Amino acid sequence: MVIHKEGYKILTYLFVVLLIVNLAVYYLLPESVTIRWTVWGISAFIYIMILQFFRSPRRLIMTNDNHVIAPADGKVVVIEEVEETEFFNEKRKQVSIFMSPVNVHINRNPISGMVTYFKYHPGKYLVAWHPKSSTENERTTIVVTAKNGTSILLRQIAGALAKRIVWYLQAGEEVKQGEELGFIKFGSRVDVFLPLDAKVKVTMGEKVKGGSTVIAEFN
């Protein structure tokens, strides 16, 4: 299993803490075999769960200028036409992907192009499926414009468990479809705002893979 760089520090600290706890139990309760094994078992379970959260599976990414690929692993929870008011100030098709704690949490560029807008918004930590999470939670807003002039807007949104959003890009930077743009720790949501003439290729409740699943096509 390949571990993502965002997990190195957390996994190291967690290992040290769990080791100290288990050593303390071993020396303080030397005759309580059941308790020692129980603590060891719980510690191993916790570590494995956090370890799998930071996994970084290899993905074969096929770039295509006519495709918008999923920016994250998860389940499609929103497909609707909305008014996007931060950048475009016009109607757009919104596709939202919910990432549970068991999903891979790497975020990837849906299209190739230039980052023409980036802004970080501090905010609340409402549950990711809350209607106002897209506008009130901690989030980033990223607009990427393709060579043909088509732009899409992407939001990384923190949730009740996700307390840190990480991003690797900035305005004016050229990005490539499928490459990593960031990471959200411990479950949340990503919104994609598409042109109205884009053809959505996914359905509500569908499970998608970041960098692999085509969520829309440009006409």
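The largest cavity in this predicted model encloses about 30 Å³ of space. The structure holds one cavity of 30 Å³ or more. Its lining is made up of Pro57, Arg59, Asp73, Val104, Ile106, Arg108 and Gly210.

Ile106 also belongs to a nonpolar core of 11 residues. Ile50, Phe53 and Val166 are among the other members. This core lies apart from the largest nonpolar core.

The largest nonpolar core has 29 residues. Within this core, Val68, Ile111, Ile142, Ile152, Leu194 and Ile215 touch the most other members. Several strands give two or more residues each to the largest core: strand 3 (90–99), strand 6 (139–145), strand 7 (151–157), strand 10, strand 11 (188–194) and strand 14 (214–217). Ile142 touches Val115, Tyr117, Phe118, Ile152, Leu153, Leu154, Gln156, Leu169 and Leu181; residues up to four places away in sequence are not counted.

Strand 10 also takes part in an open sheet. Three strands form this sheet, in the order 4-10-8, with antiparallel pairing. Strand 4 (106–108) and strand 8 (165–167) are the edge strands, and each pairs on one side only. On average, neighbouring strands of the sheet are turned by 25 degrees against each other, direction ignored. Strands of a sheet pair through backbone hydrogen bonds, either parallel or antiparallel. Here, strand 8 and strand 10 (residues 180–184) run antiparallel and are joined by three bridges. Ile165 stands opposite Ile184 of strand 10.

Methods
Residues are numbered from 1 along each chain as its sequence is written. This is a predicted model: local features need pLDDT of at least 70, side-chain atom pairs count only at pLDDT 80 or more; totals for chains, interfaces and linings use all residues. Side-chain values use heavy atoms; hydrogens and water are left out. Two strands pair if DSSP finds at least two bridges between them. Helices (H or I, at least four residues) and strands (E, at least two) are DSSP runs, numbered from the N terminus. Axes are lines fitted to C-alpha atoms, for helices over the stretch in contact, and angles run from 0 to 180 degrees between N-to-C directions. A nonpolar core is a set of buried Ala, Val, Leu, Ile, Met, Phe, Trp, Tyr and Cys residues joined through side-chain atoms within 4.5 Å. Buried means under 20% relative accessible area, exposed over 50%, partly exposed in between (1.4 Å probe, protein chains only). Contact means heavy atoms within 4.5 Å. On a 1 Å grid over the protein atoms alone, a cavity is a set of points where a 1.4 Å probe fits but cannot get out, and a pocket is an open set with protein on both sides within 12 Å along at least five of seven lines; lining residues have an atom within 4 Å of a point. Grid points are joined across faces, edges and corners, and a volume is the space filled by probe spheres set on the points.
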